Amino acid sequence: MLKNIFLALLAFSPLAVAFHAAANPIDLFSHQCITYAPKINGHHFSTQKTYTPSVYQLKLTQFDQHLLGLNNLKDRLLYYRSLNLSSQQRQLLLQCQIHISDSLNQLINTHADFLKSPVLSQVPLRYQNAANTLLKQRLTQQQVQQKSSRLVAQTIYQQAFKQYKAIIKINDIACQLNNKARLSTTQDVARYLMFQPLSRCRKPVWLQYQLRTKQDNLASLEYLWDHFNHDAKKSGFQNDTDLQLAKISLTKQQALAFINAKSQHLSTEQTVTPWNMASALHQNKANSPHLHNPVNIDSHAFVLSAIDALTEIGLRFELIPTDEHKQNRQSHFELAQPFVYRIWHKSRLLGQLDVFINDNITKPQGSLIRKTIIGQQYGQWVISLPTKELTGTNQRKFISLLSQSMTSLAQAHWLYTTSVQEQSQLSFGIGKLWLESYLHHNTRLYNDSGIYKQTRQFKQSWQLYRAQLAIEFYSLKRLDWQSPEYQQFQQAMADSFYDIFGEKWIDASESLFTFGSLASQRALIILPQWQQALATLITKQHRRGLTNQQIFDLLIINSSGKSVSQQLSVLLHGKTDTNTLIRRIANAN
């Protein structure tokens, strides 16, 4: 089994692909993915045996290891799907995805009785969670069809935003730019919103563009609402909102209290409305050009600056020399080959980071290659940087990717299955955002205060509004567009829009049809904002005497396996229950 995993990892490593440059890496990966078939000895996980808790715990670990090859393929598949691919390559990857899904489903179904062993309740919680997570992936033929229908509906809903068909007509001559009465492309709309000086003209154009998918997506949204709420009730929840928020230990009331706390703060900072954002940014730059001249930083120097900052909190970067690389670390940036770092924390190997300097990209890119599973494999990340000097935007993008990669490598798991659970994602996000803030303050990052702050504030406001929209929408008792309950929802969203943006929009609930994440993330749209608020609390209100290295060890390395609530109780003064945290966030604002 371990041999199969090793071969899979070797075949899909970036260096292995480079050595086989004659072969198309997508074709090579797809072929090996489709032919990969892990074999499990059914007798080894027999349901006829009576296991002690310790033996059953070992067996669960071994079962998770047998699935590791398929899960590694799944991670690698996500990496390839992020690339710019032809339709033929996407079809090959789709076949790979189907093969992985079918193989995992078959293995889990075959060993379902083993995963439901009576002794399960006697093993540590992480093993119970792993077994239950796997069991939830079991699909009957009817469920396969239902899942397929859901995926089709989600895909149709999200694809509609990428296919711009509508033509916006501007009948008011006073609102026309250069006597142009029709806007037929996304670029036309963007230019109009940027250069049209009148807000009253921008608003209807923005609304028409945002609602371009309403008619196409109405049926899909009705189906998804019904499907998600039906599944939630089968799981013992009143609605899908309650189900999703429970994954991150929030109730609907707590989520709305958090949104309200953040919204009150934003409303005091003159948040720009969505239809005025492009114009405001353009005016900001035009009025103060000296504040927005990009301060570019050499890619080499900036990377080394970030590495030095990470060294200060206990990480060690071991440069791995190759025949193409000299010992001088500065020289590695000047070569086409990647430079490879092994990342250490004290005596523990966290994983590997491969950094490429790429002439063919204009902004930093990064991807997980494999996750760190204790005792099985160390993690690997790849980050690519443009050869040219990094602009302020690219500096922040690189810091975000580096923070994500370091947190990913540091937060190892005993089981792959537990690494994909929502609580793990909550912990990961808080750690990543704290580390990102630390690097912002300890590198040569250019802080262009004007446009960057204005854009960040707008994104935060818009994300909070969308989170409330999703929370309220998926908690409706029934979906009837003409019902009194829906009319109350419409009024609530109009009030919320006014509270956040300071302008009236009676039909603000129509925002339901303006973003694809309503169909995928639903109430968990709130997660990034919740993570950011907690990370900021840790940065600004951590216990006196704690060093950055101690915070890093407690929050990200987390060798004792503390839960998020346990971590917060150690890092912060006073009470750290959810209601208290929300009040602290409100007061901090």
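**Entry: helix α19**

I opened this predicted model at helix α19, residues 449-473, where I found both W462 and Y465. The two sit three residues apart, about one turn of the helix. I remind myself that an α-helix has 3.6 residues a turn, so residues three or four places apart point the same way.

Next I checked how the two rings lie. I kept in mind that a pair of aromatic rings is described by the distance of the centres and the angle of the planes. For W462 and Y465 the centres are 5.8 Å apart and the planes meet at 10°; planes under 30 degrees apart count as stacked, so I noted this pair as stacked. I also looked up their surroundings: W462 is buried, and Y465 is buried too.

Which other residues share an aromatic cluster with W462 and Y465? I listed W206, W275, F458, F497, F501 and W505 alongside them, in one cluster.

**Entry: an edge-to-face pair**

How many aromatic pairs does the structure hold? I wrote down 28. One of them is F258 with W530, and I noted it as edge-to-face, at 5.1 Å centre to centre with 80° between the planes. This pair links distant parts of the chain: F258 belongs to helix α14 (residues 252-267) and W530 to helix α21 (residues 527-541), with their positions 272 residues apart in sequence.

Are F258 and W530 buried or exposed? I found F258 at 1% relative accessibility, so it counts as buried. W530 is at 4% and counts as buried as well.

**Entry: charges over rings**

I then turned to arginines placed over aromatic rings. The charged end of R522 sits over the ring of F228, and I noted 3.5 Å to the ring centre. R76 lies over the face of Y80, at 4.8 Å from the centre of that ring. Both R76 and Y80 are on my list of buried residues in α5, which took me to that helix next.

**Entry: helix α5**

Helix α5 covers residues 68-81, which is 14 residues. I tested its length: at 1.5 Å a residue it should span 20 Å, and its end C-alpha atoms are 20 Å apart, so the two agree.

How many of the 14 residues of α5 are buried? I counted 10, so the helix is largely enclosed by the rest of the structure. Among them are L68, G69, L70, N71 and N72. Further along the helix, L73, D75 and L77 are buried too.

**Entry: the disulfides**

I looked for linked cysteines and found two disulfides. In one, C33 is joined to C96, with 2.1 Å from S to S. The angle about this S-S bond is 85°, and the link is right-handed. C33 lies in helix α3 (residues 25-35) and C96 in helix α6 (residues 87-110), so the bond ties together parts that are 63 residues apart in sequence. I found both C33 and C96 buried.

The other disulfide joins C175 to C201, with an S to S distance of 1.9 Å. Here the angle about the S-S bond is -70°, and I noted the link as left-handed. C175 lies in the loop between β1 and β2, and C201 in helix α11 (residues 199-210), so this pair ties together parts that are 26 residues apart in sequence. C175 and C201 are both buried.

What is the pairing when the bonded cysteines are numbered in sequence order? I wrote it as 1-2, 3-4.

**Entry: two asparagines with positive phi**

I finished with backbone angles. N178 has a positive phi of about 55°, although it is not a glycine. I placed N178 in the loop between β1 (168-169) and β2 (182-183). With a relative accessible area of 77%, N178 is exposed.

N558 also caught my eye, since it is not a glycine either and its phi is near 45°, a positive value. I placed N558 in the loop between α22 (548-557) and α23 (564-571). Is N558 buried or exposed? Its relative accessible area is 17%; buried means under 20%, so N558 is buried.

What does the side chain of N558 reach? I found the backbone nitrogen of K562, at 2.9 Å. Leaving out residues up to four places away in sequence, I noted that N558 touches D553 and Q567.

Definitions and conventions:
Residues numbered from 1 in each chain as written. Predicted model: local features only at pLDDT ≥ 70, side-chain atom pairs only at ≥ 80, totals over all residues. Heavy atoms only, no water. Helix = DSSP H or I, 4+ residues; strand = E, 2+ residues; numbered from the N terminus. Buried < 20%, exposed > 50% of the residue type's maximum accessible area, 1.4 Å probe, protein only. Disulfide = S-S within 2.5 Å. Polar contact = N/O pair within 3.5 Å; in protein donor to acceptor, adjacent residues only side chain to side chain. Contact = heavy atoms within 4.5 Å. Expected span 1.5 Å × (residues − 1). Phe/Tyr/Trp six-rings, centres within 6.5 Å; stacked < 30°, edge-to-face > 60°. Lys NZ or Arg CZ within 6 Å of the ring centre and 35° of its normal.
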